[in-house]
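Open the model in your viewer and keep the selection panel at hand. Each stop below gives a selection and then what to look for.

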Amino acid sequence: MTSPVRQSPLHDRHESLRAKFSRFGGWDMPLEYAGGGVLKEHAAVREGVGVFDVTHLGKVSVRGPGAADFLNRCLTNDLDRIGTGQAQYTMCCDDATGGVVDDLIAYRFGDDDVFLVPNAANTAGLLDRLQQAAPPLVTVLGQHQDYVVLAVQGPGSPAALAALGLPNDHDYMRFQVARFEGADVTVCRTGYTGERGYELIAPNAAAPALWDALIAADVRPCGLGARDTLRTEMGYALHGQDLSPSITPVMARSGWAVGWKKERFWGKEALEQEKAGGARRTMWGLEALDRAIPRPHMIVLRQGVPAGEVTSGTFSPTRRLGIALALLQEDYDWHEGVEVEVDVRGRRAPMKVVKPPFVANHTR
């Protein structure tokens, strides 16, 4: 049996804006809106402010005595590096291989209360792993359909939140809880676009009023098509493409999100061995030298020999050229400026190796 397709509590709002929908992790979510499209929505975030409905992202509450300590024994990053009111990017890795089961954001409300936002398709698997490993007094509760998540992104985002009476002057990766229309809204200074932005987590009942207020404040609705072009320009990884059970944090250059000095976490031994011996593949960026647009799974060639594979690829609206993230085999001496070819539907398109991001980062 197939699981029913889920919808955001804002689905009717998206329909009224004539959104084009697509499936994301079992959810029917807006890809782009009529009168906008990916290019205009992308530009709105780089130059002004846009809002994405990302309610398909998972929500997991971990509570009880020592909840943060328990998670710190499971997830890669070191939760002790942050305190109450801070959020942290982290990963759940397979204990045997070190491959990435999921990447997620952890909100530390306290030592005994941590809220997790994983990827939609991986929420059930992460929930199961944590529930099986949790000590008796720690409760791991799935709340995937209880909250709406809105990402308000762009240089105009502080003014947009101020218009709603929501906090907007806290530091990067910090969050505050504020009241809006009688509901608690968690406002975190984070995002997936490379621009200054916030992610708002609110109960479903508050979603329509929150969305309507943002639209009334001249925030442009943006779909997940623009979200993908924005994150690719920043070199941000997408699970299922740039991270996966077969792609480790070491391969993906995400070792900065690993607490190497921690005594334990899932995958620690495998990752330490890989780090010491060198990864078989390493993530690099590619920039097209002609009009070609690289796409996932296209083969990268060096001197005519297969040397890697594109994991994410798109047209960069900001740079006006094709860009990609690619896993390149460590049999070669890779460095910026090396020229390669990508097999684009049978044509060998010239590209050069670079280090992302492809555009300047303004998150902080």
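**Stop 1: aromatic rings.** This is a predicted model. Searching the whole structure turns up seven aromatic pairs. Select Tyr107 and Phe175 to begin. Their ring centres are 5.3 Å apart and the planes meet at 55°, so this pair counts as tilted. The pair connects distant parts of the chain: Tyr107 belongs to strand β7 and Phe175 to strand β11 (residues 175-180), 68 residues apart. Are these two rings buried or exposed? Tyr107 is buried, at 1% relative accessible area. Phe175 is buried too, at 8%.

Keep Phe175 and add Phe109. Here the centres lie 4.7 Å apart with the planes at 50°, so this pair is tilted as well. Phe109 sits in strand β7 and Phe175 in strand β11, 66 residues apart, so to speak two distant parts of the chain linked by one pair. Phe109 is partly exposed, with a relative accessible area of 30%. Now widen the selection to Tyr107, Phe109, Phe115, Tyr147 and Phe175: they form one aromatic cluster.

**Stop 2: the sheet around β7.** Select β5 to β9. What is the strand order in this sheet? Five strands form an open sheet, ordered β6-β7-β8-β5-β9, with antiparallel pairing. Look at the edges: β6 (86-93) and β9 (139-142) each have a single partner strand, so one side of each has no neighbour in the sheet. From one strand to the next, the twist averages 25°.

Zoom in on β5 (residues 60-63) and β8 (residues 113-117). These strands run antiparallel and are joined by four bridges. Pick Val60: its bridge partner in β8 is Leu116.

Next, show helix α4 (residues 123-133). The helix lies across β5, β6, β7 (100-110), β8 and β9. Relative to β9, helix α4 runs at about 165°.

**Stop 3: the cores.** Which residues have the most contacts inside the largest nonpolar core? They are Phe52, Val54, Ala87, Met91 and Tyr107, in a core of 44 residues. Colour the contributing elements: β3 (27-33), β6, β7, β8, β10 (147-153), α7 (224-234) and β18 (321-329) each give two or more residues to this core.

Centre on Met91. Beyond its neighbours within four places in sequence, Met91 is in contact with residues including Leu75, Val100, Leu104, Pro249, Ala257 and Val258. Polar and charged names are on that list as well, among them Thr76, Asp102, Asp103 and Ser254.

Then select Tyr33, Val152, Leu166 and Leu214. They are included in a second, separate core of 26 residues.

**Stop 4: strand β10.** Six of the seven residues of β10 are buried, leaving the strand mostly covered. Add strand β4 (residues 50-53), which pairs with β10 in the antiparallel sense over four bridges. Where does Asp53 stand? Opposite Leu150 in β10.

Now add strand β13 (residues 197-203). Seven bridges join β13 to β10, and the two run antiparallel. Within this pairing, Val148 stands opposite Ala202 in β13.

**Stop 5: charges over rings.** Select Arg189 and Tyr198. The charged end of Arg189 sits over the Tyr198 ring, 5.9 Å from its centre. Finish with Arg302 and Trp334. Here the charged end of Arg302 sits over the ring of Trp334, 4.8 Å from its centre.

Notes. Residues are numbered from 1 along each chain as its sequence is written. This is a predicted model: local features need pLDDT of at least 70, side-chain atom pairs count only at pLDDT 80 or more; totals for chains, interfaces and linings use all residues. Side-chain values use heavy atoms; hydrogens and water are left out. Two strands pair if DSSP finds at least two bridges between them. Axes are lines fitted to C-alpha atoms, for helices over the stretch in contact, and angles run from 0 to 180 degrees between N-to-C directions. Contact means heavy atoms within 4.5 Å. A nonpolar core is a set of buried Ala, Val, Leu, Ile, Met, Phe, Trp, Tyr and Cys residues joined through side-chain atoms within 4.5 Å. Buried means under 20% relative accessible area, exposed over 50%, partly exposed in between (1.4 Å probe, protein chains only). Rings of Phe, Tyr and Trp (its six-membered ring) pair if their centres lie within 6.5 Å; planes under 30 degrees apart count as stacked, over 60 as edge-to-face and the rest as tilted. A charge sits over a ring if NZ of Lys or CZ of Arg is within 6 Å of the ring centre and within 35 degrees of the ring normal.
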